[in-house]
Amino acid sequence: MASQFFQKPSRALLWMLRGLLIGCLLMAVVDAIGSYLGFHLPLNPITVLAAGFLGLPGLAALVVLHLWVLA
């Protein structure tokens, strides 16, 4: 990935932006479903980056960490 970033920076930037967008969408879905259950995952740059770059496993880890810290 690092070599591609220097060879084609626009493609790498688009890949990162796509990940952030997916992270935002996943966070919105979790918040929408969680609002019915009384669960709220804070929307900040760290959580969006984790959900965007790590995908579904990252979002699951955020949910588990949030439940663990508040329990």
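## Helices and overall make-up

Helices here are DSSP runs of H or I with at least four residues, numbered from the N terminus. With that in hand, let's walk through this predicted model. The protein has three helices and zero strands, and its pattern along the sequence reads α-α-α.

The chain has 71 residues, of which 27% count as buried. About 5,300 Å² of the protein is exposed, and carbon and sulfur atoms supply 78% of that area. Among contacts with a separation of 6 or more, 57% are between residues 24 or more positions apart.

## Helix α2 and the glycine after it

Helix α2 covers residues 9-37, which is 29 residues. From its first C-alpha to its last, α2 reaches 42 Å, close to the 42 Å expected at 1.5 Å a residue.

Which residues of α2 are buried? They are Ala12, Gly19, Gly23, Met27, Val30, Asp31 and Gly34. Two of these, Met27 and Val30, will turn up again in the nonpolar core. After α2 comes glycine 38, which has a positive phi, near 75 degrees.

## The nonpolar core

In soluble globular proteins, nonpolar side chains tend to be buried together. In this model, the largest nonpolar core has eight residues: Met27, Val30, Phe39, Leu41, Ala50, Ala51, Leu59 and Leu62. Both α2 and α3 give two or more residues to this core, and α3 has the largest share, with four residues.

Leucine 41 is a handy place to look around from. Neighbours within four places in sequence aside, leucine 41 is in contact with Met27, Val30, Asp31, Leu59, Leu62, Val63 and His66. Several of these partners, including Met27, Val30, Leu59 and Leu62, are core members too.

## Buried positions along α3

Helix α3 runs over residues 45-70, and three of its buried residues are worth a visit. Threonine 47 lies in α3 and counts as buried because its relative accessible area is 8%, under the 20% cut-off. Beyond its neighbours within four places in sequence, threonine 47 is in contact with Met27, Pro42 and Leu62.

Histidine 66 is also placed in α3. With a relative accessible area of 18%, histidine 66 is buried as well. Leaving aside neighbours within four places in sequence, its contacts are Phe39, His40, Leu41 and Pro42. The contact with Leu41 ties histidine 66 to a member of the core. Glycine 58, another α3 residue, has 3% relative accessibility and so counts as buried. Its C-alpha is separated by 9.6 Å from that of valine 48, ten residues away along the chain.

## A nonpolar patch on the surface

Where does leucine 54 sit, and is it buried or exposed? Leucine 54 belongs to helix α3, and it counts as exposed because its relative accessibility is 56%, over the 50% cut-off.

Leucine 54 is also one of the residues of a nonpolar surface patch, along with Trp15, Leu49 and Phe53. Together the four residues have about 390 Å² of accessible area. Helix α3 gives the most to this patch, with three residues. Helix α3 thus has a part in both settings: it supplies four residues to the nonpolar core and three to the surface patch.

Notes
Residues numbered from 1 in each chain as written. Predicted model: local features only at pLDDT ≥ 70, side-chain atom pairs only at ≥ 80, totals over all residues. Heavy atoms only, no water. Expected span 1.5 Å × (residues − 1). Buried < 20%, exposed > 50% of the residue type's maximum accessible area, 1.4 Å probe, protein only. Patch = residues over 30% accessible without salt bridge, like charges linked within 9 Å, V, L, I, M, F, W, Y side chains within 5 Å. Areas by Shrake-Rupley, 256 points an atom, 1.4 Å probe, with all protein chains shown as cover. Salt bridge = Lys/Arg side-chain N within 4 Å of Asp/Glu carboxyl O. Core = buried A, V, L, I, M, F, W, Y, C linked by side-chain atoms within 4.5 Å. Contact = heavy atoms within 4.5 Å.
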